[in-house]
Amino acid sequence: MRSFLTHLECSNCAATYSADQLVTICPACGKVLFARYDLAAAAKAMTPQGLAGRRWNLWRYFELLPVRDLANAITLGEGGTPLLSAPTLGRTFGFDRLLIKDEGQNPTGSFKARGLGVAVSRAKELGAPAVAIPSAGNAAAAMAAYAARAGLPAVVVMPADAPEVMKAECRAYGATVLLVDGLINDAGKLVREGAAVHGWFDVSTLKEPYRAEGKKTMGLELVEQLGWRVPDAIVYPTGGGTGIVGMWKAFAELEEMGLIGPERPKLIVVQAEGCAPIVRAFDAGERHAPLWANSATVAPGMRVPVAIGDYLILDAVRRSGGTALTVSDAELMEGVHLAATREGLYGSPEAGAAVIAAGKLRASGFLRQEDEVVVFSTGAGMKHTDLVAAEYPVLDPAAPAEALTAVGEAAGGEPDARGIAATAAGLQHPGHGRGGDPT
Ligand SMILES: Cc1ncc(COP(=O)(O)O)c(C=O)c1O
Ligand SMILES: [Zn+2]
């Protein structure tokens, strides 16, 4: 049960380093380090047939993960999330085959469990005394949980206006919680200072090599779930970009192992209108994305004004033939609503952004009806009840009987019980029959 990890390599200057030391960014150039593996040997050990008998969590790919000894994995059962078909939503948008990867089913309710499960396991294996993270909320909760399980002290630094549930989670796991009057990059400064003074190991997005390895398993899993092939497109809500970067790396490794060919899904980056540095750089043809001033969106995971891995995200999107687009806060909440009411899948605002973006790209013609499209529902909606409660007033128990009759009718034939206009995204809603669905 061993990893085929060989060394670390800088994604920018190609300098190589030993993987058996605690490192963050490239000491030579300050950019992102990647873990490298003996893929030829891993290909012999990790075969589709052999995998079939393994447990359905991300550690099934241990040959391609950095933890040297599988016994050192700190696990809460992360990964192994379902790839759900979304036929009603697919019809709504005009896709024959729309799939949703439900990452909200991970421990701590988001895909962040993958990256932090792996990063905390490896930090512990390498002897880190404590771990620290700047986070919009989900990553902090995930790190706090794995640190608790690893017996490591944890420090999380979050914007003061991060969702209350996530702050509470971190406290419940026993982490030290610091709140900053600012954004995630301001939180990052505090973590860097604390790391220098107190020796905390900084697990900021892409500032150590192993969170991306955990995220990579989304790509590995997706390919395995599809029967060892890639879909036509992946729609992903993007902040710091580890999801996109990790999956892109997964596809390259799978190709080198002979498990897939050179084909790649179009990678589609979704950001919020109020914070879209990657989209702006994509549109401008730039390889780096300068800081986005005055970032504002209700989706905390996408309120990331600057990303150290900007060049990795932009390279992956371009080389995949993908694109980058923005959605408004009203649109992304509409996405939450559509996935919840039509598929029973209550995702986070970031997930809603990906849902609505898929619809927008179908409407614009960028995605075709016959494309197999995978939307990443990166987080659980249950962490964001504050947002949804504001959107959906409860029915007054003393409401007149007509109101209750209306609910029954809505449930029978009209999925959009709120009668909310889905026009924000310019979407058509074919096939809802009764004409109650405004377009
Ligand atoms: C639910 C959710 N979706 C998406 C993201 C963006 O993540 P990435 O770093 O992969 O761009 C975050 C980050 O906080 C998040 O919490
Ligand atoms: Zn370098």
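Which residues have the most contacts inside the largest nonpolar core? In this predicted model, they are L8, Y210, I234, Y236, F251, I313 and F376, within a core of 71 residues.

## The nonpolar cores

The largest share of this core, 7 residues, is contributed by helix α9, which spans residues 242-256. F251, one of the residues with the most contacts inside the core, touches G219, V223, V230, I234, I260, R264 and P265 once its neighbours within four places in sequence are set aside. I234, which appears among these contacts of F251, is itself listed with the residues that have the most contacts inside the core.

A second core, separate from the one just described, has 32 residues, including L98, A299, A358 and L367. As a general background to such groupings, nonpolar side chains in soluble globular proteins tend to be buried together.

## Strand β10 and its partners

Strand β10, made of residues 233-237, is mostly covered, with 5 of its 5 residues buried. In a regular strand the side chains alternate between the two faces of the sheet. In β10 both faces are covered, with A233, V235 and P237 buried on one side and I234 and Y236 buried on the other. Of these residues, I234 and Y236 are also named among those with the most contacts inside the largest nonpolar core.

The strand pairs with β11 (residues 266-272) in the parallel sense, through 5 bridges, and the partner of A233 in β11 is K266. Between these two strands the chain passes through helix α9, forming a β-α-β crossover that is right-handed. β10 also pairs with strand β13 (residues 372-377), again in the parallel sense and over 3 bridges, where A233 has V373 as its bridge partner. A233 therefore has a bridge partner in β11, namely K266, and another in β13, namely V373, under the rule that strands pair when at least two bridges are found between them.

## Strand β7 and its partners

Strand β7 (residues 154-159) is largely enclosed by the rest of the structure, because 6 of its 6 residues are buried. Strand β6 (residues 131-134) pairs with β7 in the parallel sense over 4 bridges, and within this pairing A132 lies opposite V155. The two strands, together with helix α5 (residues 138-150), make a right-handed β-α-β unit.

β7 is also paired with strand β8 (residues 176-180), in the parallel sense and over 5 bridges, with P159 standing opposite V180. Here helix α6 (residues 164-172) joins β7 and β8 in a β-α-β unit that is likewise right-handed.

## The protein as a whole

The secondary structure of the protein amounts to 15 helices and 13 strands, and 57% of its 439 residues count as buried. Among contacts with a separation of 6 or more, 69% are made by residues 24 or more positions apart. The exposed area of the protein is about 16,300 Å², of which carbon and sulfur atoms supply 54%.

A search of the whole structure for disulfides finds 0. Are C26 and C275 buried or exposed? C26 counts as buried because its relative accessibility is 3%, and C275 counts as buried because its relative accessibility is 0%, the cut-off for buried being under 20%.

Note on methods. Residues numbered from 1 in each chain as written. Chains lettered and ligands numbered in written order. Predicted model: local features only at pLDDT ≥ 70, side-chain atom pairs only at ≥ 80, totals over all residues. Heavy atoms only, no water. Buried < 20%, exposed > 50% of the residue type's maximum accessible area, 1.4 Å probe, protein only. Right-handed = clockwise from strand over helix to strand, strands pointing away. Contact = heavy atoms within 4.5 Å. Areas by Shrake-Rupley, 256 points an atom, 1.4 Å probe, with all protein chains shown as cover. Disulfide = S-S within 2.5 Å. Core = buried A, V, L, I, M, F, W, Y, C linked by side-chain atoms within 4.5 Å.
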